[in-house]
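This briefing walks through a protein–ligand model, beginning with the ligand contacts and moving on to the core and to selected residues. Please read it alongside the sequence and the coordinates.

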Amino acid sequence: MEKRKIIEVRDLVKKYGDFTAVKGISFDVYENEVFGLLGPNGAGKSTTLEIIETLREKTSGTVTVNGLNLDDNPEAIKQLIGVQLQTSGYYPGLNLLELIDLFGGLYNRKVDGMELLKQFNLEDKAKEKYKSLSGGQKQRFSIATTLINRPRIIFLDEPTTGLDPQARRNLWTLIQQVRDQGTTVVITTHYMDEAEFLCDRCAIVDSGKIIALDTPDALIDQLVAGGFERKKEVKLANLEDVFIHLTGKDLREE
Ligand SMILES: Nc1ncnc2c1ncn2[C@@H]1O[C@H](COP(=O)(O)OP(=O)(O)OP(=O)(O)O)[C@@H](O)[C@H]1O
């Protein structure tokens with residue numbers, strides 16, 4: 001079956017003064033996939049994401065979201081997307097349920113806050129304040145809030161930075177569940193293990209250009225077909241496997 005394009009980016013350029021951060025990139029995101037923008041610090045991932053999210057002006061190029069041109073329909077695009085709010089938006093006096101109600105009100109949506117918290121394993125924290133949560137819980141809450149306006153697409157900028165291995169794996173599973181329930185997910189990351197596990201397709205961005213774009217498997221196969229071999233013998237497990245084996249898969253933060 002032909003996959004439907006939900007985001008189309010063509011020849012996107014972003015200049016900050018004399019510096020060109022994004023140098024004419026083009027890519028499509030298909031409906032219902034996890035699409036990753038991978039790259040080192042400063043590659044232009046966040047800039048690209050923020051332009052599609054209507055949060056940053058582009059210099060040139062075309063962005064289309066669900067058939068809507070970004071130049072003509074930014075407000076309509078905002079209705080279709082879910083973005084992670086800055087933590088400064090989490091009023092310190094409110095608990096998680098109250099925050100969800102507040103955000104729902106901003107979007108003019110009635111939200112079942114408890115159900116949303118349950119989906120992200122946070123039901124026990126409903127009456128807690130954001131600042132009392134662990135790092136993993138904060139990230140889970142932040143991702144939960146992207147779903148409040150029932151968006152078609154959510155954008156997650158480095159969602160697992162700073163989390164321990166259990167919390168990262170837990171978050172990967174939750175992100176896949178969000179996709180499986182029908183939401184397209186666009187993430188940025190510079191963790192290749194994360195991209196390999198989580199992304200259906202990914203674009204590797206370097207110095208403002210896309211230098212490769214495919215499924216993780218296809219990218220690896222292309223490298224191997226070109227004669228690449230790892231110098232070291234591949235071990236059957238790595239140090240993270242040892243860590244998870246010894247400390248268990250369960251989240252520790254509760
Ligand atoms: N407001 C700005 N003014 C000037 N330069 C900027 C601005 N925002 C970003 N840049 C520069 O543009 C380049 C791309 O930044 P961007 O944040 O998009 O990269 P990134 O790939 O998301 O990196 P990171 O992983 O570090 O977040 C960097 O060199 C950055 O210094």
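A backbone N or O atom of G44 lies 2.8 Å from an oxygen atom of the ligand, in a model that is predicted. Taken on its own the ligand has 630 Å² of accessible area, and the protein covers 61% of that area. For the complex the predictor reports an ipTM of 0.95 together with a pTM of 0.90, while the protein chain averages a pLDDT of 91, with 98% of the residues scoring at least 70. As a general caution, predicted coordinates should not be read in detail where pLDDT is low.

**Ligand surroundings**

- There are 14 residues around the ligand, and those that come nearest are G42, G44, K45, S46 and T47.
- Besides the contact made by G44, a polar backbone atom of K45 is 2.9 Å from an oxygen atom of the ligand, and T47 places a polar side-chain atom 2.5 Å from an oxygen atom of the ligand.
- Two elements, β2 (19-30) and α1 (45-52), each supply at least two residues of the shell around the ligand, and the largest share, three residues, comes from α1.
- By residue class, the shell around the ligand is made up of six polar, five nonpolar and three charged residues.

**Nonpolar core**

- The largest nonpolar core holds 36 residues, of which L116, F120, F141 and V185 touch the most other members.
- Two or more residues of this core come from each of the strands β3 (34-38), β7 (153-157) and β8 (184-189), and likewise from each of the helices α3 (96-106), α4 (113-119), α5 (135-146), α6 (165-180) and α7 (192-198).
- Among these elements α6 gives the most to this core, with six residues.
- As a general background to such a grouping, nonpolar side chains in soluble globular proteins tend to be buried together.

**Residues in β7 and β8**

- D157 has its place in strand β7, and with a relative accessibility of 29% D157 counts as partly exposed, because the buried class is limited to values under 20% and the exposed class to values over 50%.
- Although D157 and I187 are 30 residues apart in sequence, their C-alpha atoms are 5.6 Å apart in space.
- T189 is placed in strand β8, and at 1% relative accessibility T189 counts as buried.
- A polar atom of the T189 side chain lies 2.9 Å from the backbone nitrogen of Y191.

**Residues in and between α3, α4, α5 and α6**

- F103 is placed in helix α3 and counts as buried, at 4% relative accessibility; the C-alpha atoms of F103 and L85, which are 18 residues apart along the chain, are separated by 10.0 Å.
- W172 lies in helix α6 and is buried, with a relative accessible area of 5%; between W172 and T184, 12 residues apart in sequence, the C-alpha to C-alpha distance is 14 Å.
- E123 sits in the loop between α4 and α5 and counts as partly exposed, at 30% relative accessibility; the C-alpha atoms of E123 and L97 are separated by 9.3 Å, with their positions 26 residues apart along the chain.

**Backbone geometry and the ends of α9**

- Most residues other than glycine have a negative phi, and this general tendency is the background for the next two entries.
- D11, which is found in strand β1 (residues 5-16), has a positive phi of about 50 degrees although D11 is not a glycine.
- N66 is found in the loop between β4 (60-65) and β5 (68-69), and the phi of N66, a residue other than glycine, is a positive value near 50 degrees.
- The N-terminal end of helix α9 (residues 239-247) is capped by N238, whose side-chain oxygen lies 3.1 Å from the backbone nitrogen of E240.
- Just after α9, G248 takes a positive phi of about 90 degrees.

Conventions
Residues are numbered from 1 along each chain as its sequence is written. This is a predicted model: local features need pLDDT of at least 70, side-chain atom pairs count only at pLDDT 80 or more; totals for chains, interfaces and linings use all residues. Side-chain values use heavy atoms; hydrogens and water are left out. A residue is near a molecule or strand if one of its heavy atoms lies within 4 Å of it. A polar contact is a pair of N or O atoms within 3.5 Å; within protein, one must be able to donate a hydrogen and the other to accept it, and residues adjacent in sequence count only if both atoms are side-chain atoms. Accessible areas come from the Shrake-Rupley method with a 1.4 Å probe; for residues, only the protein chains shown count as cover. Helices (H or I, at least four residues) and strands (E, at least two) are DSSP runs, numbered from the N terminus. Ala, Val, Leu, Ile, Met, Phe, Trp, Tyr, Cys and Pro count as nonpolar, Asp, Glu, Lys and Arg as charged, and the others, Gly among them, as polar. pLDDT is the predictor's confidence in each residue, from 0 to 100. A nonpolar core is a set of buried Ala, Val, Leu, Ile, Met, Phe, Trp, Tyr and Cys residues joined through side-chain atoms within 4.5 Å. Buried means under 20% relative accessible area, exposed over 50%, partly exposed in between (1.4 Å probe, protein chains only).
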